[in-house]
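Reader: I would like a close look at one part of this model: the enclosed space inside it, together with the helix packing and the open space that share segments with its lining. Please name the residues and give the numbers.

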Amino acid sequence: MTTKIPITVLGATGVVGQRFVRRLANHPLFRVEHLAASERSAGKRYRDACAWRLDGEPYGGLGDQVMAEGTPEFALSPVVFSALDTEPATELEPAFARAGAMVFSNAGAFRMSPEVPLLVPEVNASHLGLLEVQRHHHGWTGGIVTNANCTATVLVMALAPLHEAFGVEAVLMTSMQAISGAGYPGVASLDILGNVIPFIRNEELKVEEETPKMLGHFTGSVVELAPMTVSALCYRVPVIEGHTEAVSVKLKGNPSIDAVRKVLFNWRPEPQRLGLFSAPAVPLHVHTLEDRPQVRRDVEVDGGMSVHVGRLRPCPILGLKFALLGHNTERGAAGGSILNAELAHAKGYLR
Ligand code: NAP
């Protein structure tokens, strides 16, 4: 029997933090050593600090664990999963990396830092090599690996095989995003029920910046941004979990819909070949029914770790259009981060 790696969850009381705890409670590789959040939560039992809002065993069975102060002095483990808001993450994540932890972060603080991998294991596993650059640059023994904005994560899962096979030149993406994406309590019910809100602060910019980084080429020292134009329009809709995206893409050579479908259908990238614990057997479900994917029917498949594509058809402007769906707090947050750590382990980056 192998010894499990001790981990810390920072931001353990939040929307994403609770999903970390639920996923990590029975993980074959990791065991929860510390739970931490803000100073409001430190010293309390997890059940008293956290209003648990998930199904399954409440508090992941850790309700009696006393929450640590969220600093390296009190909550250092070899692996740290961060579900912190961006502001505290800016200070705390480098402090943990400096103290020797490998930090797998959901926050936006370091996603676009040139020496930080913006990782989706199916898409850009090689970018983990940036950790060597990062350690050299900062003199850290630990490191920071981020996952992308949840909307961008879902988008690149469909773009990556197309970029590899044909080359993506331009993307127009309109999102219909779940309210859980705003954390808890998120958008007031009086604002979102029966409504669509055409504004999510900074979201469009994040998708436009992060997509070319994730699809970029790692030279061994830097990631060269993929040469493509991305335009995003982001809307909040009254859905609890699951971001839907309407996507038009310009591909080099304007391949047929059949050729595109075949590429998406046959895509089996590295996490699937390695059999990583949190990797779904099929990363992209290609739907053929004309009214799928749908949030209510598809978003929880594979524990929210697979992405769904459907309605593949010609676009008179860019060549190809389709519908996409992915789980924002699983694939786009906690589950994605844990998969990042599993890949790092498989590649020898974890002690
Ligand atoms: P949330 O529900 O608002 O939770 C925020 C967490 O941060 C709580 O545990 C809170 O602890 C802690 N916190 C707040 N201020 C702190 C401070 N000064 N020091 C230490 N801890 C502090 O937010 P969320 O939706 O889980 O999002 C967490 C992060 O994941 C954010 O950076 C977000 O951008 C990112 N993310 C979210 C999603 C999503 O779909 N929700 C997707 C991808 C990425 P207390 O309970 O003690 O206040």
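**The cavity and its surroundings**

Author: The structure contains one cavity of 30 Å³ or more. The model is a predicted one. The volume of the largest cavity is about 30 Å³. Its lining consists of Leu119, Val120, Pro121, Asn147, Thr153, Arg331, Gly336 and Asn340. Sorted by class, this lining has three nonpolar residues, four polar ones and one charged one.

Several of these residues lead to helices. Thr153 lies within helix H7, which covers residues 150–165, and Thr153 is also among the H7 residues that meet helix H9. Pro121 falls in helix H5 (121–124), while Gly336 and Asn340 fall in helix H13, residues 334–346. The rest of the picture can be built from these segments.

H7 comes first. Helix H9 spans residues 203–214, and it packs on H7 at an angle of about 40°, the two axes being 9 Å apart. Angles under 35 degrees would count as roughly parallel and those from 65 to 115 as roughly perpendicular, so H7 and H9 are oblique to each other. H7 crosses H9 with right-handed geometry. On the H7 side the contact uses Cys150, Thr151, Ala152, Thr153, Leu155, Val156 and Leu159, and on the H9 side Glu203, Val207, Glu210, Thr211 and Met214. The classes present in this contact are seven nonpolar, three polar and two charged residues.

H7 has another partner, helix H10, residues 257–266; here the axes come within 9 Å and cross at roughly 115°. This crossing is right-handed too. Ala158, Pro161, Leu162 and Ala165 are the H7 residues involved, and they touch Val260, Val263 and Leu264 of H10. The contact of H7 with H10 holds seven nonpolar residues, with no polar and no charged ones.

H7 also takes part in the second largest pocket, a space of about 370 Å³. Twenty residues line this pocket, and the ones nearest its centre are Glu122, Val123, Asn124, Ala125 and Glu164. Four elements supply at least two lining residues each: H5, H7, strand E7 (217–218) and helix H11 (270–274). H5 contributes the most, with four residues. By class the pocket lining divides into nine nonpolar, six polar and five charged residues. H5 therefore links the two spaces in sequence terms, given that helices are DSSP runs: Pro121 lines the cavity, and H5, which covers 121–124, helps to line the pocket.

Next is H13, the helix whose range includes Gly336 and Asn340 of the cavity lining. Helix H1, residues 15–24, packs against H13 at an angle of about 50°, with 8 Å between the axes. That angle makes H1 oblique to H13. The crossing of this pair is right-handed. H1 brings Val16, Arg19, Phe20, Arg23 and Leu24 to the contact, and H13 brings Ala334, Gly335, Ser337 and Ile338. Five of these residues are nonpolar, two are polar and two are charged.

Finally, some backbone features elsewhere in the chain may matter to a reader checking the model. Tyr184 and Pro185 are joined by a cis peptide bond, with omega at about 5°. Pro185 sits in the loop between strand E6 (168–177) and helix H8 (189–192). Another cis bond runs from Arg292 to Pro293, its omega near 5°, and Pro293 belongs to the loop between strand E11 (284–286) and helix H12 (295–298). Tyr59, a residue other than glycine, has a positive phi near 60°; Tyr59 is in the loop between helix H2 (46–49) and helix H3 (72–75).

Notes:
Residues are numbered from 1 along each chain as its sequence is written. This is a predicted model: local features need pLDDT of at least 70, side-chain atom pairs count only at pLDDT 80 or more; totals for chains, interfaces and linings use all residues. Side-chain values use heavy atoms; hydrogens and water are left out. Axes are lines fitted to C-alpha atoms, for helices over the stretch in contact, and angles run from 0 to 180 degrees between N-to-C directions. Angles under 35 degrees count as roughly parallel, over 145 as roughly antiparallel, 65 to 115 as roughly perpendicular and the rest as oblique. A crossing is left-handed if the near helix is turned anticlockwise from the far one by less than a right angle, and right-handed if clockwise. Contact means heavy atoms within 4.5 Å. Ala, Val, Leu, Ile, Met, Phe, Trp, Tyr, Cys and Pro count as nonpolar, Asp, Glu, Lys and Arg as charged, and the others, Gly among them, as polar. On a 1 Å grid over the protein atoms alone, a cavity is a set of points where a 1.4 Å probe fits but cannot get out, and a pocket is an open set with protein on both sides within 12 Å along at least five of seven lines; lining residues have an atom within 4 Å of a point. Grid points are joined across faces, edges and corners, and a volume is the space filled by probe spheres set on the points.
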